[in-house]
Amino acid sequence: MTAPTARADAKTAPAPASASAKQPLGTLLQAYLACARMEFRAALTYRTAYLSSFAMMLLQIWLLTVVWKALYDGREEVDGLSLTTMTAYATLTTLQYQLVSPWRSSPIDQRVREGKVAVDLLRPVGFPGQMLAGQLGWASAAVPVLLVALPFALLIGAGQAPASAAAGFAYPVALIGALLVNQLLGLLLGMVSFWTLEVSGALMAYRFVAQFFSGALVPLWFMPGPVRAAAEWLPFQATAYTPAAVYLGQVEGAGIVAALGVQLAWIGALGALTAFVWSRARRRIMSQGG
């Protein structure tokens, strides 16, 4: 079934915006958990892709460790940052980026092409909520493999304990914030397929820009002034740099609260933008449906 046919079928679906509003909270949570479980199981069926992505993750940790050791050139510190801290940062950001930014960001483009959106619209919960829950389920499939890969990653790279008790408590919160920011960005990118049907080219460009400006490759404190200023104004830094900086003590005290506040602000802004884009995508579905 082609995407245009799916859109034609979707005209008979109930309005997604009001469907979830009529459901009790417990029912909604069960529905979203069901969506997450389906995508979790689907992710585990792609064993070859997952294993190759984790092999690439270990390779990236090794390469970043080699590069930073070469750049330090035998020096213990550069700009007050030790080599141990830098290799720990490289290891941590690579590990957490594998969780918050899985190799498949959103199933929306595939569902649009295959005409499955019509089925999604007939469900008693909103489409964006379904997709976001599914994305979170897909991302959570990385957890068991990450636990297995963790000893090898620490052996290749480096690790250290949280810089303080506050950092230890704040890091999981920052990691959840990073996951939500990244998944909302993936949701927005996936919705582009309602206009283009295909987002693979945009996804490649997005991944390059997001990984660089997130600080996953080079921490923000080493970026040139204008580049760092641009990174601080974009949401990507909330997905990699913020949790790692909190964990390693590069953000302390009131700075931790401010960093978490920035993440929360981006979650709110991206959520509002998602609702706006979805309102336009719904109109496009109905207009193409006749």
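**Entry 1: T87**

I started at T87, which touches T65 and A158 when residues up to four places away in sequence are left out (contact means heavy atoms within 4.5 Å). Before going on, I noted that this is a predicted model, where local features need pLDDT of at least 70 and side-chain atom pairs count only at pLDDT 80 or more, while totals for chains, interfaces and linings use all residues. I also noted that residues are numbered from 1 along each chain as its sequence is written, and that side-chain values use heavy atoms, with hydrogens and water left out.

Where does T87 sit? I found T87 in helix α5, residues 83-100 (helices are DSSP runs of H or I with at least four residues, strands are runs of E with at least two, and both are numbered from the N terminus).

Is T87 buried or exposed? T87 has a relative accessible area of 5%, so I put it down as buried (buried means under 20% relative accessible area, exposed over 50%, partly exposed in between, with a 1.4 Å probe and protein chains only). I then looked at what its side chain does: it reaches the backbone oxygen of T84 at 3.0 Å. I logged that as a polar contact (a pair of N or O atoms within 3.5 Å; within protein, one must be able to donate a hydrogen and the other to accept it, and residues adjacent in sequence count only if both atoms are side-chain atoms).

**Entry 2: T65, on the other side of that touch**

Next I went to T65, which lies in helix α4. T65 is buried too, because its relative accessibility is 4%. Which residues does T65 touch? Skipping residues up to four places away in sequence, I got T87, I156 and G157. I also checked T65 against A158: they are 93 residues apart along the chain, yet their C-alpha atoms are separated by 8.3 Å.

**Entry 3: α4 with α5**

Two packed helices are described by the angle between their axes and the distance between the axes. For α4 and α5, I read that the axes come within 9 Å and cross at roughly 160° (axes are lines fitted to C-alpha atoms, for helices over the stretch in contact, and angles run from 0 to 180 degrees between N-to-C directions). That makes α4 roughly antiparallel to α5 (over 145 degrees counts as roughly antiparallel, under 35 as roughly parallel, 65 to 115 as roughly perpendicular and the rest as oblique). The α4 and α5 crossing is right-handed (the near helix is turned clockwise from the far one by less than a right angle; anticlockwise would be left-handed).

Which residues make the contact between α4 and α5? On the α4 side I listed S53, F54, M57, Q60, I61, L64, T65, W68, K69 and Y72. On the α5 side I listed L83, M86, T87, A90, T91, T94, L95 and Q98. Sorted by class, this contact has ten nonpolar, seven polar and one charged residues (Ala, Val, Leu, Ile, Met, Phe, Trp, Tyr, Cys and Pro count as nonpolar, Asp, Glu, Lys and Arg as charged, and the others, Gly among them, as polar).

**Entry 4: α4 with α9**

I stayed with α4 (residues 47-72) and looked at α9 (residues 142-156): they pack at about 25°, with axes 10 Å apart. That angle makes α4 roughly parallel to α9. Their crossing is right-handed. From α4, the residues Y50, F54, M57, L58, I61, W62 and T65 meet A142, V145, L146, A149, F152, A153 and I156 of α9. By class I noted 13 nonpolar, one polar and no charged residues for α4 with α9.

**Entry 5: α8 with α9**

Helix α8 (residues 127-140) and α9 have axes that come within 5 Å and cross at roughly 25°. The two are therefore roughly parallel to each other. I found W138, A139 and S140 of α8 in contact with A142, V143 and P144 of α9. The class tally for α8 with α9 is five nonpolar, one polar and no charged residues.

**Entry 6: two more buried spots**

I jumped to T274 in helix α15, residues 254-288. T274 is buried at a relative accessible area of 4%. Its contacts, beyond four places away in sequence, are L184, L187, L188 and M191.

Then I tried a loop: Q237 is between α13 (225-233) and α14 (241-247). Q237 counts as buried at 7% relative accessibility. Q237 and A178 are 59 residues apart in sequence and 8.7 Å apart, C-alpha to C-alpha.

**Entry 7: the whole chain**

How many helices and strands does the protein chain have? I wrote down 15 helices and two strands. Buried residues make up 47% of the 290 residues. Of the contacts with a separation of 6 or more, 82% come from residues 24 or more positions apart.
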